[in-house]
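Colleague: I'm new to this one and would like a close look at a single part of it. Could you take me through the charged side chains and how they pair up, then add whatever helps me find my way around?

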Amino acid sequence: MRVEIDSHSGFCFGVVTAIGKAEQAIASGCKVLSLGDIVHNAEEQRRLEDMGLRTIDHSGITAVDGETILVRAHGEPPSTYAILNQNNIPYIDATCPVVARLQKRVKEAYEQMSEVGGQVVILGKRGHAEVVGLSGQINDDCIVVESTDDLHLVDFSRPITLLSQTTQSLELFSEVADEIRRRSTTPDQIFLHDTVCRQVANREQLLRDFAQRFDVVIFVCGRKSSNGKVLYGVCHEANPRSYCVENEGEIEASWLANAESVGVCGATSTPAWLMERVAKYIETL
């Protein structure tokens with residue numbers, strides 16, 4: 001059986017940077033607390049916890065005593081930084097540069113829409129850390145939609161600016177944008193900003209091509225990974241014999257029946273070492 005790992009899968013730049021900053025701080029002797037999971041992958045979380053990283057939620061910020069907070073790649077709303085500064089809590093800002101630029105664009109869009117009585121619409125997953133950070137830039141005065149089914153929340157008689165969470169699907173963004181244009185009573189007052197991260201979006205076609213080359217595909221990602229859900233969907237559409245697992249222990253031998261080739265791939269939150277471990281396990285079956 002031939003087993004191959006997708007060379008385009010694995011951590012994106014933002015995640016690599018955030019983990020690198022955490023490892024560097026821990027190595028220097030800092031007690032580091034990640035504000036939320038540093039990456040949506042349980043296996044990588046465990047590895048970092050073994051190094052000394054701890055994870056807290058927002059309710060635990062004011063109880064910090066002598067530790068350093070890590071703001072992860074997803075970013076945070078201004079209110080979080082205000083709490084950190086008010087309490088003199090040291091922090092490492094590992095917000096992905098792509099997300100930081102998008103936060104700035106959200107604020108600019110809000111200012112423009114405020115001048116004309118318009119609305120800011122963000123395509124994204126409600127409650128996702130990045131989306132919370134984006135909407136927090138404008139005191140949550142925006143509309144978050146997850147698909148065209150949510151567009152009933154939008155007033156189509158008013159100007160609209162549409163932006164997107166960086167890890168959304170380009171296809172979904174296009175679908176939502178087209179529907180907004182179609183329903184609007186003032187199409188010339190519709191402003192569309194495709195803010196999907198290309199490092200993530202470009203993986204879709206690469207992953208589709210990869211999945212079609214194998215009898216079976218094993219997609220490795222954490223269950224909390226929003227990006228993982230999107231990319232696994234791409235895999236499964238390209239190859240119905242695609243299976244999603246968090247680690248090698250979830251693989252069923254029956255999936256590989258009569259397979260001469262197996263492709264191993266993953267999300268932007270999947271570490272390369274984990275895909276390698278999964279590939280080695282498959283070779284032993």
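Modeller: Here is a walk through the salt bridges, followed by a few other spots. Keep in mind that this is a predicted model.

The structure holds 17 salt bridges, and I'll pick out a few of them. Start with Glu-248, which pairs with Arg-277, their closest N and O atoms being 3.1 Å apart. Glu-248 sits in the loop between β11 (242–245) and β12 (261–266), while Arg-277 belongs to helix α10 (residues 272–284), so this pair ties together parts that are 29 residues apart in sequence. The two partners are covered to differing degrees: Glu-248 is buried, at 18% relative accessible area, whereas Arg-277 is partly exposed at 32%. This pair also has company, as salt bridges with shared partners join Glu-43, Arg-46, Glu-248 and Arg-277 into one network.

Now look at Arg-47 and Glu-44, whose side chains meet in a salt bridge at 2.8 Å, N to O. This one is local: both residues are in helix α2 (residues 42–51), and because they are three residues apart there, about one helical turn separates them. Glu-44 is buried, with just 1% relative accessibility, while Arg-47 is partly exposed at 29%.

For a link between distant parts of the chain, go to Arg-213 and Glu-4, which form a salt bridge with their closest N and O atoms 2.9 Å apart. Arg-213 is in the loop between α8 (203–211) and β10 (216–220), Glu-4 is in strand β1 (residues 2–5), and the two are 209 residues apart. Both ends are partly exposed: Arg-213 has a relative accessible area of 44%, and Glu-4 has 26%.

Some charged residues gather without such a partner. Asp-149, Glu-171, Glu-175 and Glu-237 form a negative surface patch. One of them, Glu-175, lies in helix α6 (residues 170–183) and is partly exposed, at 41% relative accessible area.

What about the cysteines? There are zero disulfides in the structure. Take Cys-197: the closest cysteine sulfur to its own is the one in Cys-96, and at 6.2 Å that is too far for a bond. Cys-197 is buried, with a relative accessible area of 14%. Cys-30, on the other hand, is partly exposed at 35%.

The backbone has a spot to look at as well. Most residues other than glycine have a negative phi. Asn-139, however, has a positive phi near 55°, and Asp-140 has one of about 65° although it is not a glycine. Asn-139 is in the loop between α5 (129–136) and β7 (143–145), and Asp-140 is placed in the loop between α5 and β7 too. Asn-139 is exposed, with 71% relative accessible area, and Asp-140 also counts as exposed, at 52%.

One last landmark gives you a feel for distances. Ile-19 is in helix α1 (residues 13–27), where it is buried with a relative accessible area of 5%. From its C-alpha atom to that of Met-113, 94 residues apart along the chain, the separation is 36 Å.

Conventions
Residues are numbered from 1 along each chain as its sequence is written. This is a predicted model: local features need pLDDT of at least 70, side-chain atom pairs count only at pLDDT 80 or more; totals for chains, interfaces and linings use all residues. Side-chain values use heavy atoms; hydrogens and water are left out. A disulfide is a pair of cysteine sulfur atoms within 2.5 Å. Buried means under 20% relative accessible area, exposed over 50%, partly exposed in between (1.4 Å probe, protein chains only). Patches are made of residues with over 30% relative accessible area and no salt bridge: like charges are joined within 9 Å, nonpolar side chains (Val, Leu, Ile, Met, Phe, Trp, Tyr) within 5 Å. Accessible areas come from the Shrake-Rupley method with a 1.4 Å probe; for residues, only the protein chains shown count as cover. A salt bridge is a side-chain nitrogen of Lys or Arg within 4 Å of a carboxyl oxygen of Asp or Glu. Lys and Arg count as positive and Asp and Glu as negative; His and the chain ends are not counted. The place of a charge is taken as NZ of Lys, CZ of Arg, CG of Asp or CD of Glu. Helices (H or I, at least four residues) and strands (E, at least two) are DSSP runs, numbered from the N terminus.
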